[in-house]
Amino acid sequence: MTAPEAADVDRTPSERADVCVVGAGPAGGLVADRLAAEGHDVVVLEAGPRFDESDRLRRMERDIRPAHGPDSVWGMGGERDAYESTGERFYPLNAARVKGVGGSTLHWQGMVMRLHEQDFELESATGVGADWPVDYDDLRPYYADAEAELGVAGASDNPFAPPREEPHPLPAFPPSYSDSLFADACEEVGVAMHSVPNARLSESRDDRSACVGYGTCKPVCPSGAKYDATVHVARAEERGARVLHRAPVQRLEHGDAGDRVTAAVYATPDGEEHRQEAREFVLAAGGVENPRLLLLSESERYPDGLANSSGLVGRYFMDHLFAGAGGTLDRRTRQNHVGFNTSESHQFYDRPDDSRGAIKLEFLNYAGPSPVEMALGGDDFGDEMLERIRAGYGTHVAVGALVEQAPRAENRVRLHPERTDDHGNPVPEVVWSLDDYARRTIERANEIQHEILDALGADIEWTVGPESTGPAFHHMGTTRMGSDPAESVVDAQLRTHDLANLTIPSSSVFPTGGAMNPTLTIAALALKAADHVAERL
């Protein structure tokens, strides 16, 4: 179900390249597009395949069939994607990542929020975590640019959000029917609701249609209304960039002086290795593969891994934690009529001290099983199946939340000492645990969720709390940004302290993670990084 491999695909290196980008996800796609538009010679190296866009409907059908797990929808698994997880909590890395042109935006939920002003000065404001070397005002124009590039639909009605320069580019999606049920309960308990900015088209744009309501946004949008990075990868190619798929980078090499990257060494399906030289290198492979590649690139000059003079490559791995509660009502809720969130609350996000972490409440439109899931989940047929679906469908509600995890050095991505991938390289080992800060925040989120559901009159049937929580699969913090080379990996321009021509525009540079979905900030950082790379070129 990947695009056919043409016999004449040329994966040999370009003789001349201004920029070599590693990774064809959102960060890599935006950087490649922006730099190609300015006339620079750009080569993008992507580890995974190109997926055939015409297969998306079949991928959706595969996802809703019980015989297929989430990994199989986008071809994850096997030696190529092997990993290990140790520490207090098991981290299911392959449950929500995609290797291929488009990256994990192929199956993301599509919610795009700006970080709050306090997120950039968390240690100064609360004594927790760390400060960024940039502030909200530094990223503000890039946030606006990113929203325009991704085609964000929003109502700009969030009273808790940081200041904006103009409304969202596209009209917001209207609140769902279940949002209207929550509205009265939230008013009763003093919780403010507002719209969710979404990177999906509420109106047709260019050659993409508006959302048509498949409701399978995660893990696949068959219509293409939800943004994914193939949009910018394709545009970059139209502007002259070269994108090589199935070309996993094995290591980065540096010159004799040790202050510049000279080549990206990549493998091809025929078993050969090639060296792509360039003037500038952009590492955009995500919060797990970025540190892994740097650690794989050890040398006599950098025995602990490239760009790792601080010893912090792979350290401070963070994710957002899920907290939630749900149940049923004695009335219809129209569950699953909308496959993404349309209302949320940032009321419990900012805080004056370290008493609790940030919480982003989400009112879930997809609570409970869909009719298709119910139909395929039983062993009955005909009238009996219809009776079962009618009796069990349409009354579910739920409130979710993303919860902040503080940066901790012991949470990390490192190379496994024994297990290797399909090229003989050590696989990533994720060391992950929770602390009392996160547990307290999850407990607080559960209290708020129960209060809302009680006011709604719901029969609460489940709660995801501190002991049952799991990750949102937002990989952050493993090549952190900072002003001090001894305490960080990249500087305020996203350039590594150790190598003058290596840039990392990724959530891996986040010093703190807040509780906001990170993709809009990744996009803003990518556009900022592209400007800095262009200045050096």
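**Close-up views of a predicted model**

**View 1. Helix H8 lies across two strands, E14 and E15.** In this predicted model, helix H8 covers residues 286-296 and runs at about 65° to E14. The two strands under discussion belong to an open sheet of 3 strands, in the order E3-E15-E14, and the pairing in this sheet is mixed. Strand E3 (84-86) and strand E14 (412-420) are at the edges with a single partner strand each, so one side of each has no neighbour in the sheet. From one strand to the next, the twist averages 35°.

**View 2. Here's how E3 and E15 pair up.** Strands can pair through backbone hydrogen bonds in either a parallel or an antiparallel way. Which sense do E3 and strand E15 (residues 426-431) use? They go for the parallel one, over 3 bridges. Look for Thr 86, which stands opposite Val 431 in E15.

**View 3. Another open sheet has its strands in the order E6-E7-E8.** This one is made of 3 strands, and the pairing is antiparallel. Strand E6 (249-254) and strand E8 (273-277) are the edge strands, each pairing on one side only. Neighbouring strands here are turned by 25° against each other on average, if you ignore direction. Zoom in on E6 and strand E7 (residues 261-267), and you'll find 5 bridges joining them. His 254 stands opposite Val 261 in E7.

**View 4. Helices H5 and H12 pack against each other.** H5 takes in residues 136-150 and H12 residues 519-536; their axes are 8 Å apart, at an angle of about 110°. Angles of 65 to 115 degrees count as roughly perpendicular, and H5 and H12 are therefore roughly perpendicular to each other. On the H5 side, the residues that meet H12 include Leu 139, Tyr 142, Tyr 143 and Leu 150. Their counterparts in H12 include Leu 520, Ala 524, Leu 527 and Lys 528. Sorted by class, this contact has 10 nonpolar, 1 polar and 4 charged residues.

**View 5. Now for some empty space: the second largest pocket.** Rolling a probe the size of a water molecule over the atoms shows where such space is left. This pocket holds about 760 Å³ of it. There are 27 lining residues, and those closest to the centre are Asp 63, Gly 215, Lys 218, Pro 219 and Glu 373. Helix H2 (56-64) and helix H9 (371-376) are the elements that give two or more residues to the lining. Which element gives the largest share? That's H9, with 4 residues. By class, the lining splits into 14 nonpolar, 9 polar and 4 charged residues.

Definitions and conventions: Residues are numbered from 1 along each chain as its sequence is written. This is a predicted model: local features need pLDDT of at least 70, side-chain atom pairs count only at pLDDT 80 or more; totals for chains, interfaces and linings use all residues. Side-chain values use heavy atoms; hydrogens and water are left out. On a 1 Å grid over the protein atoms alone, a cavity is a set of points where a 1.4 Å probe fits but cannot get out, and a pocket is an open set with protein on both sides within 12 Å along at least five of seven lines; lining residues have an atom within 4 Å of a point. Grid points are joined across faces, edges and corners, and a volume is the space filled by probe spheres set on the points. Ala, Val, Leu, Ile, Met, Phe, Trp, Tyr, Cys and Pro count as nonpolar, Asp, Glu, Lys and Arg as charged, and the others, Gly among them, as polar. Two strands pair if DSSP finds at least two bridges between them. Axes are lines fitted to C-alpha atoms, for helices over the stretch in contact, and angles run from 0 to 180 degrees between N-to-C directions. Angles under 35 degrees count as roughly parallel, over 145 as roughly antiparallel, 65 to 115 as roughly perpendicular and the rest as oblique. Contact means heavy atoms within 4.5 Å.
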